[in-house]
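Morning, everyone. Today I want to talk about charged side-chain pairs. Let me put the structure up.

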Amino acid sequence: MLKVTDLHVHYGAIHALKGVSFNLQEGEIVTLIGANGAGKSTLLNTISGILPATQGQVTYLDEDITNSPAPKIVRMGIVQVPEGRKIFPAMTVMENLEMGAFTVTDRALINENIALMFKKFPILEKRYKQLGGTLSGGEQQMLAIARGLMANPKLILLDEPSMGLSPIFVEQIFDTIQDINQNGVNVILVEQNAQMALSIAHRAYVLETGKIVLEGEAQEVLQNPSVIEAYLGIAQEEA
Ligand code: ATP
């Protein structure tokens, strides 16, 4: 469904992605794990057209989308939920959801999707008139995901959805991701919480300083000694 081939991205002189190749098959949750600064957000931002690639190719449903404009990529069905949530704090919950539907022109479909989001996230219905900035961190993350789903994506890119959330919200967010996937949306999940991400993903890639250093079935990666040492040790100690 999505194929990234030999992707290179630079920030001026900084070579942030150094020939990344990976793919996502229909139906999958694929997780990207890696330390701070490994290039995970850069990869998502390049797929979604926010950052330009300096070399390589991104193909989606057999179409070359490398360096296509971000709104076109959203219209094709790829939506990114950014790191740090970035909801519109001075807009209400309802207005945030409407903004997510900017590519949808059918009013009936927008209303249907809002009803669906309220069913999926009852807390958002309770707070629909409240300003986004006044929600708790976990509620803002739910709003960010719901806003992304308002565009009817076929593929959703989630950048650190569990960051800064209390354990109860972390559980809820991971349940939500599985639910979204079971309802037919493919997921690329970038996470620091490698343990949780690997436990719900089908496949995983490990990114280190701009390169993929390991890939495989998520369960295999979860048991890889170098992954346990580098990414799971701290999580286990904290738990
Ligand atoms: P994090 O979990 O901290 O977000 P990450 O794996 O998502 O890490 P990126 O944010 O993609 O990593 O960063 C990859 C590299 O690119 C890092 O070396 C980072 O310092 C650099 N970088 C990221 N954004 C910029 C920018 N706007 N300007 C210059 N360098 C950047």
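**Salt bridges in the model**

Start with glutamate 63 and lysine 72. Their side chains form a salt bridge, with N to O at 3.7 Å. Keep in mind that this is a predicted model. Are these two residues buried or exposed? Neither label fits. Glutamate 63 has a relative accessible area of 36%, so it is partly exposed, because that class lies between 20% and 50%. Lysine 72 also comes out at 36%, so lysine 72 is partly exposed too.

How many salt bridges are there? The count is five. I will take you through two others.

Next, lysine 120 and aspartate 179. This is a salt bridge, and its closest N and O atoms sit 2.9 Å apart. The pair joins distant parts of the chain, 59 residues apart. Lysine 120 belongs to helix α4, residues 107–120. Aspartate 179 belongs to helix α7, residues 167–182. What about exposure? Lysine 120 has 27% relative accessibility, which makes it partly exposed. Aspartate 179, at 29%, is partly exposed as well.

Last pair: arginine 203 and glutamate 28. They form a salt bridge, with the closest N and O atoms 2.7 Å apart. Where do the two partners sit? Arginine 203 is in strand β9, residues 203–208. Glutamate 28 is in the loop between β2 (14–24) and β3 (29–33). That links distant parts of the chain, 175 residues apart. Here both partners are buried, arginine 203 and glutamate 28 alike.

To recap: arginine 203 and glutamate 28 are buried, while lysine 120 and aspartate 179 are partly exposed. Thanks.

Technical notes: Residues are numbered from 1 along each chain as its sequence is written. This is a predicted model: local features need pLDDT of at least 70, side-chain atom pairs count only at pLDDT 80 or more; totals for chains, interfaces and linings use all residues. Side-chain values use heavy atoms; hydrogens and water are left out. A salt bridge is a side-chain nitrogen of Lys or Arg within 4 Å of a carboxyl oxygen of Asp or Glu. Helices (H or I, at least four residues) and strands (E, at least two) are DSSP runs, numbered from the N terminus. Buried means under 20% relative accessible area, exposed over 50%, partly exposed in between (1.4 Å probe, protein chains only).
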